[in-house]
Every structure is written in structure tokens, then in C-alpha cells.
Amino acid sequence: MELSKKLWSIGGGKGGIGKSVFTLGLGISLSRMGKKIILVDADLGGANLHTLMGVRFPPCTLEDFFLNRVDRLEDVVIDTQVEGIGLICGADDILGSANPTYAQKVRILKQIENLPADLVLLDLGAGTSYNILDFFNYSQGRICIMTNQATSLQNVYGFIKSALYRRITREFAKDHDVLGLVLQTEATPSESKIESVKELLLQLQEGGEDRLSRFSQLLKTFELLLVVNMVKEDSDLQAARIIEKVCGSFLSFVPQVLGHISYDPGIEKAVNQMVPFPLNQENSPAALDLKEIARIVLANSYSQADPGKEVGKKATSFLGALQSAASGMKKT
Ligand SMILES: Nc1ncnc2c1ncn2[C@@H]1O[C@H](COP(=O)(O)OP(=O)(O)OP(=O)(O)O)[C@@H](O)[C@H]1O
Ligand SMILES: [Mg+2]
């Protein structure tokens, strides 16, 4: 089967919710399934994936690539103690201070995508800066980590919303009407504030079929997977249901739940001892959850099925209803 998703991003907006632990654990679980994996620490403000991997002093980092000390990105991939996993260690916020254009970012992302591995996993930092959102949106596989804490729910929704609106502004970068309307979604509450993608679409219907079908395509292909981390009891999984519901109502798109990771004290122990999790703890609760998620990620990476099938169905029926409402309005 052909590889359809090589590059996977792990985001979620909030700090300390387990993005890096998950990236590492997923990478190790995938490597156990015979895949060659490269992990990229794209947390350019607080790089620490190497620490979780047990590397105290990185021999080289992304900075060597950004500052042209090496020619190719693959020159900064280091071998790790886990067979089948290479690591690119993070650097300070060079991208942030360099303020790269979108085209420059795409050039870097293309090199990341072409790294010599079966799958490449990008560990993103916290927040919703354009750099983070562009790295996230460019990836074919997109995972949001969240917990059941109210602050995580708030941040993960904010992250998903920002990622979707960023994608809309990139897709319609030359369409000033759309850009103006997207700005209205960011306005402080007022009469002119646009509260949802549905409202945005209603405003856009005058723009014609082409715009609506581009919008529909965008919503169809905006696949995003949720992972609830630090789960202590079944009711913690409700957090994902809330995000599904809020995204459906306000963003006209429903993320899918990829799985959950149990709260596991073995993780904290591994972090403190600088032993990559789940090494030596392969049967612990979180290790088994990671294995299950890795199995799905692998199937998804090589699947030929339409990734936006479920989401697409919803978006199409919504747009269908909108279009018939619009044509009904024209007739009267
Ligand atoms: N499933 C879990 N069970 C128990 N503890 C966990 C679990 N996942 C993460 N942790 C704990 O949470 C801490 C933070 O995790 P991690 O560094 O991966 O967060 P992060 O989202 O990458 O944060 P940042 O945005 O600051 O990089 C870990 O050091 C670990 O102790
Ligand atoms: Mg991290």
C-alpha cells in the first residue's frame, strides 16, 4: 500500500499536556512495528524532546541547519538509543526571530517531509503562533493532544479554531472579501462579529459556487485527530465529546478521536530518569494505549481511503442545505 501520510504533527495549544511525551511514545511504538521514524523537535521556544530521549548534550540541532553550518537537514539527524529512531533536536526560537515568509516555511517543511524515514513526527510547541499553525497545517497527519482539564479544553479548541482560520486565510490569500470576513471572526464581541464558520459561509454565498466549493473542499480535507491524555477514568473521555460538539457547532467540522493515553506514573518516572518512555515499561497502561494508537496511525498513514470521508459527509450536507437555501432565496 502506498504511503499517503508521512509527516505527522503533534500540537494542542497548551503547555505541559504531554505533546512531547506522546510524540516520543508514538515514535517508539511505531519503530517497534518495524518502521523507520525521525522525530523532529519543532518546539522552538522550549526544545526538550532530546531530554526525554535521554540525550543530555545534543551534538547538533536545528540551529546548525538554520545557520547553514550543514548543507542538508538530514545532516542534523542523530542516532538514538532506540533502534529505528532518528532525532532532530530543537533550537532556540530562530524561526520566530527570523520571521520567515510562508514560502520560506514551506521550503523547510518540504525538507522535513523528505527526510529518510517511513514516518516523520513533529513535536510542536505550545501556543498558536503562525509558525506553529503553518507547521501543523502543512502536515498530512494532524494530532491534537488534550486533557480533561478546563484550561486544556479551552486551549485545544482555540488551537483548532486558529488552525482552521489560518488554513482559510492561506487558501483565500488573494480574496480580500474572505480575508475581511475572517478578521471579523477575531473581532471583540459586537454586532459585526462573525461567530462561526456557518455565519462566514452565509456571508460568502454571494461570492458564487466557486468559493463555496473551495470552502467545502477545505473543510473536507481538514482532518484532525484528538488524543485525550492523562486519562484516569472513563468519564475523562467526555472532554473529547465536548470538543467534537463545539467544533461541529462553531467550525462546521468534527475532529475524530484517535484514542486516549491513561494517566501512568511510569511516565513521570521515565522523564525524571531520562529513559525514553515506554522503553522497559512495554506493558504499562500508557504503553499499551500508545501501541493501539500507533496501530491506527500506521493504518491511517498507508490507507487509501478518503481521509475526509466522515467530515466530508457533514460538510457536504451542510453546504448542500446552504446552497438550496440560497437558491430558494434568489427565487423569491
Ligand atoms: N499519560 C501521562 N501520565 C502521567 N504523566 C504524564 C502523562 N503524559 C505526560 N505526563 C507528564 O506531563 C509532563 C509534561 O509532558 P510534556 O513535556 O510531554 O508536555 P508538553 O505538552 O510537551 O509541554 P510543552 O508545551 O511545555 O513542551 C511530563 O513530564 C510527564 O511527567
Ligand atoms: Mg513539549
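Which residue in E7 does Ile143 stand opposite? Ile143 stands opposite Leu225. This is a predicted model, and the report starts with the strand that holds Ile143.

**Strand E6 and its partners**

Strand E6 covers residues 141–146. Six of its six residues are buried, so the strand counts as mostly covered, given that buried means under 20% relative accessible area. In a regular strand the side chains alternate between the two faces of the sheet. In E6, both faces are covered. Gly141, Ile143 and Ile145 are buried on one side. Arg142, Cys144 and Met146 are buried on the other.

E6 has strand partners. Strand E1, residues 7–11, pairs with E6 in the parallel sense, over four bridges. In that pairing, Ser9 stands opposite Arg142. Strand E7, residues 225–231, also pairs with E6 in the parallel sense, again over four bridges. Here the facing residues include Ile143 of E6 and Leu225 of E7.

**The ligand site**

Which residues are closest to ligand 1? They are Gly16, Lys19, Ser20, Val21 and Asn229, out of 18 residues that surround the ligand. By class, the shell holds eight nonpolar, six polar and four charged residues.

Three polar contacts are listed here, one per row.

| Protein side | Ligand 1 side | Distance |
|---|---|---|
| Gly18, backbone N or O atom | oxygen atom | 3.1 Å |
| Ser20, side-chain N or O atom | oxygen atom | 2.9 Å |
| Asn229, polar side-chain atom | nitrogen atom | 2.9 Å |

Taken alone, ligand 1 exposes 640 Å², and the protein buries 83% of that. Several elements give two or more residues to the shell: helix H1 (19–32), E7, strand E8 (256–262) and helix H12 (265–273). E7 thus has two roles in this account: it contributes to the shell and it pairs with E6.

**The loop between H12 and H13**

H12 is followed here by a loop with unusual backbone values. Most residues other than glycine have a negative phi, and most peptide bonds are trans. Against that background, three residues are worth a look.

Pro278 lies in the loop between H12 and helix H13 (285–302). A cis peptide bond joins Phe277 to Pro278, with omega at about 15°.

Met274 sits in the loop between H12 and H13. Its phi is positive, about 55°, although Met274 is not a glycine. Asn280 is in the loop between H12 and H13 as well. Phi of Asn280 is near 65°, again positive in a residue other than glycine.

Is each of these two side chains buried or exposed? Met274 has a relative accessible area of 17%, so it counts as buried, since the cut-off is under 20%. Asn280 has a relative accessible area of 67%, so it is exposed, since that class begins over 50%.

**Aromatic pairs**

How many aromatic pairs does a search of the whole structure find? It finds four. One of them joins Phe65 and Phe66. Their ring centres are 6.1 Å apart, and the planes make an angle of 50°, which is a tilted arrangement. Both residues are buried.

Phe222 and Phe253 form an edge-to-face pair. The distance is 5.1 Å centre to centre, with 70° between the planes. This pair links distant parts of the chain, 31 residues apart. Phe222 is in the loop between helix H10 (209–221) and E7. Phe253 is in the loop between helix H11 (238–251) and E8. Phe222 has a relative accessible area of 0% and is buried. Phe253 is at 1% and also counts as buried.

**Thr80 in its loop**

Where is Thr80 found? Thr80 is in the loop between strand E3 (77–79) and strand E4 (85–88). At 16% relative accessibility, Thr80 falls under the 20% cut-off and therefore counts as buried.

The Thr80 side chain reaches two backbone oxygens. The backbone oxygen of Val82 is at 3.1 Å. The backbone oxygen of Ile85 is at 2.8 Å.

Terms used. Residues numbered from 1 in each chain as written. Chains lettered and ligands numbered in written order. Predicted model: local features only at pLDDT ≥ 70, side-chain atom pairs only at ≥ 80, totals over all residues. Heavy atoms only, no water. Buried < 20%, exposed > 50% of the residue type's maximum accessible area, 1.4 Å probe, protein only. Pairing = 2+ DSSP bridges. Near = heavy atom within 4 Å. Polar contact = N/O pair within 3.5 Å; in protein donor to acceptor, adjacent residues only side chain to side chain. Areas by Shrake-Rupley, 256 points an atom, 1.4 Å probe, with all protein chains shown as cover. Nonpolar A, V, L, I, M, F, W, Y, C, P; charged D, E, K, R; others polar. Phe/Tyr/Trp six-rings, centres within 6.5 Å; stacked < 30°, edge-to-face > 60°.
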